[in-house]
Amino acid sequence: FKGGDTCEYLLSSGRFLGEKVWQPHSCMMHKYKNSEAKNCLIDKHVVFIGDSRIRQLFYSFIKLINPQVKEEGIKHGNIPFEDKSASIKVDFLWYPEVNGSMRQRIKSWTEGSVAKPHIIVVGAATWSIKIHNGSSEALAQYKINITSIAPLLERLAISSDVYWVLQDPVYEDMLSESRKMITNEKIDAYNEAAVRILNSSSRNSKAKVKVFSVSKLIAQETIMKSADGLHLPESSRDTNAMILMNVYCNKIMKPIDGSCCQPQPPLTLIQKIAFCFFTLSIIGYLIISLIHRNNYRKNKSCTDLESGEEKKPAISTPNVSTLEMLLQCFCKLGLIMTYFYLCDRANLFMKENKFYTHSSFFIPIVYILVLGVFYTENTKETKLLNREQTDEWKGWMQLVILIYHISGASTFLPVYMHIRVLVAAYLFQTGYGHFSYFWIKGDFGVYRVCQVLFRLNFLVVVLCIVMDRPYQFYYFVPLVTVWFMIIYATLAVWPQIVQKKANGNCLWHFGLLLKLICLLTCTYFLSYSQGAFEKIFSFWPLSKCFELNGNVYEWWFRWKLDRYVVFHGMLFAFIYLALQKRQMISEGKGDPLFSNRVSNVLLFISIVSFLTYSIWASSCKNKTECNELHPSVSVVQILAFILIRNIPGYVRSVYSSFFAWFGKISLELFICQYHIWLAADTKGILVLIPGYPMFNVLVSTFIFVCVAHEISQITNDLAQIVVPKDNSTLLKRLLCIAGFFSGLHFFSAMQDQSRH
């Protein structure tokens, strides 16, 4: 850890990912949209001073504000630009040499009550080399002139952002005869003089002129594509303009995926309370451990000298062991949350932007599939969608989703559409699993509901507190939580129809189907009535859970994207359990699910359906249109996969223990990736080991998986303590949890008030 300012890194170092994506050293660069640029620069005055290269940068900069601007200004004259809607003024001032005229213009801003520009970008040298034929006298005069200008720029830098743009290298072979004297050797001499003189007299860190040297690195890679050997290609100058926008705007706009130049966010009141709680838990656990160790030494078995019998140590009371387990869980959780905070909130570790290539996505996919097949074992039971198989399904889907996220494959539409099916398959399993449980067991007790809700939401609630993020930010957990409650309400509401009751009278099956039809109708209505949906989730306290950036649109979009698949899962479970009850399917070891003829026909239809969906998804041209169709057609590939995986008896009788292991911690993996594997809330990649991308991924992945596994264990242990089976004790715990959330809401309101 060098401890340097990420702004310095952004202005001075980086590398290209591919041909056009610039990656600053140690931090992430945000790609500003026109609306964001306007919001940042509202009521601002920006000035570019220099030669034709600075004019290029000026045009690229104003195109970030208004892409319709054309490069039609006077070549050797001043060019004004104004955006009246946001009161933004950007001027280019033609001063191709560092001389008395440039000094006089800069000096005018330092005198009296003249309005100073908020951003000043200066740079010039190639004209001095050209006019004076690269003479040493011209370089000496350049040093004298820049020495006289430097104190003025430093004075302006106290209240404005001042940038000195170093000269880019040229492609000497392409230069015209009139520019042949502009060599890279001469340019380096002029740049060296500027760097040595600027800030030499400034002792105040606020009065420093920022040296914009990163353009040199960009030019070294791209100047060969220049039209004349002197001016940069458009993509390179656009990158320079975007860097300039990041340097100034990141601290104002605070984009999630723009970690460069962003200060570390201050600790909130809730974060401070959480820190104190975890610290006390660690201290409490250490004290209890020491007490127990001393008691163990005192009560250690020893021989009674009089009777010759061995005395047994006293058995500790259950209350103490429960307290110790509770403190141990919070102790471990506190250490893990510290790691989370250091990774994604403190400016301790580096972060980098994602860059997608086909090899970065497909090679790891092939690798994990080979590993998964290698760890093949026999299942304990051969039922359709048995526990080992569903864990395996969750496991390989989660690994594919993780690779999708770290490789940035969302930019490739065919991959995006297939990943959408995997997310839908998770929700399908939610509908299938919970429906099957309630239908078979008939257990609608509070204990079951609390256990499920605790296991789903515990980690997310802790992360909301520690990482200062809203609940809806971890969108998948709210999604499965709401769908679980919808499934519960659908089946628990009068009349409660379960398998035992339906077996006595077939009419109950129609009653259940009627409930499912009502659920489908409500889902359909809400999906096409955004207003009604937003009214439901805008009521307090639901609004506190489901709002993101002040509205519930994001929640509506996420819910709408897979709105029918939970219903499909419930319906599939109902049909499968009905067929199973009537012994219309064969689930013996090695037996096909149906008769040979029916199995072969269904298998053929499933393979064709699976491939047809993949072909359709791969031919998608527009994400919006494909997302509209996705809720209705995603079930085709899900059902096709289930039948392909279960119809042949020999396939149903084996599973991958490798994938199943990951499946058991799939929820933790999905949530933890936000902060300790990826970075900047999934927008970038965490860099623990700079300069070695493959080694970095191996180390960060190992830690990430271990942490997810440990959190899964902690959640299971705490679920037994916090959600007891005894109803009276459970009621007391629920009152305590209600008090906890009331306190959380109170402190959250205090935070919001202090922010405003």
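These are my notebook entries on a pocket, two cavities and two helix contacts in a predicted model.

**Entry 1: the second largest pocket**

I looked up the second largest pocket and found that about 1,600 Å³ of space lies in it. Its lining is made up of 45 residues, and I noted that Arg387, Asp391, Lys394, His434 and Arg448 are the ones that lie nearest its centre. I then went through the elements that give two or more residues to this lining, which are helix 13 (387–407), helix 14 (413–441), helix 15 (446–466), helix 16 (476–492), helix 22 (565–581), helix 26 (657–664), helix 27 (666–676) and helix 28 (693–722). Helix 14 provides the largest share of the lining of this pocket, with ten residues. Sorting the lining of the second largest pocket by class, I recorded 18 nonpolar, 17 polar and ten charged residues.

**Entry 2: the cavities**

I next turned to the enclosed spaces, for which the count comes to three cavities of 30 Å³ or more. The largest cavity has a volume of about 140 Å³, and 16 residues line it, with Arg53, Ile54, Leu57, Val165 and Asp168 lying nearest its centre. Helix 3 (52–65) and helix 9 (234–253) each supply at least two residues of this lining, and the largest share, four residues, comes from helix 3. The class division for the largest cavity is seven nonpolar, five polar and four charged residues.

For the second largest cavity I noted a volume of about 50 Å³. The residues that line this cavity are Trp439, Gln499, Asn503, His509, Phe574, Leu577, Ala578, Lys581 and Arg582. At least two residues of the lining come from each of helix 17 (499–504) and helix 22, and helix 22 gives the largest share, namely four residues. By class, I wrote down four nonpolar, three polar and two charged residues for the second largest cavity.

**Entry 3: helix 14 against helix 22**

How do helix 14 and helix 22 cross? I found that their axes come within 7 Å and cross at roughly 45 degrees, and the two helices are therefore oblique to each other. The crossing in which helix 14 passes helix 22 is right-handed. On the helix 14 side I listed Ala424, Leu427, Phe428, Gly431, Tyr432, Phe435, Ser436, Trp439 and Ile440, which meet Val565, Val566, His568, Gly569, Met570, Phe572, Ala573, Phe574, Tyr576 and Leu577 in helix 22. The residues of this contact divide into 15 nonpolar, four polar and no charged. Going back to Entry 2, I marked Trp439, Phe574 and Leu577 as residues of this contact that are also among those lining the second largest cavity.

**Entry 4: helix 2 against helix 9**

I closed with helix 2 (residues 34–41), which packs with helix 9 at an angle of about 75 degrees, the axes being 10 Å apart. That angle makes helix 2 roughly perpendicular to helix 9. In this contact, Glu36, Ala37, Asn39, Cys40 and Leu41 in helix 2 meet Met245, Tyr248, Cys249, Ile252 and Met253 in helix 9. By class, I recorded eight nonpolar residues, one polar and one charged for the contact of helix 2 with helix 9. I also noted that helix 9 is one of the helices supplying at least two residues to the lining of the largest cavity.

Technical notes. Residues are numbered from 1 along each chain as its sequence is written. This is a predicted model: local features need pLDDT of at least 70, side-chain atom pairs count only at pLDDT 80 or more; totals for chains, interfaces and linings use all residues. Side-chain values use heavy atoms; hydrogens and water are left out. On a 1 Å grid over the protein atoms alone, a cavity is a set of points where a 1.4 Å probe fits but cannot get out, and a pocket is an open set with protein on both sides within 12 Å along at least five of seven lines; lining residues have an atom within 4 Å of a point. Grid points are joined across faces, edges and corners, and a volume is the space filled by probe spheres set on the points. Ala, Val, Leu, Ile, Met, Phe, Trp, Tyr, Cys and Pro count as nonpolar, Asp, Glu, Lys and Arg as charged, and the others, Gly among them, as polar. Axes are lines fitted to C-alpha atoms, for helices over the stretch in contact, and angles run from 0 to 180 degrees between N-to-C directions. Angles under 35 degrees count as roughly parallel, over 145 as roughly antiparallel, 65 to 115 as roughly perpendicular and the rest as oblique. A crossing is left-handed if the near helix is turned anticlockwise from the far one by less than a right angle, and right-handed if clockwise. Contact means heavy atoms within 4.5 Å.
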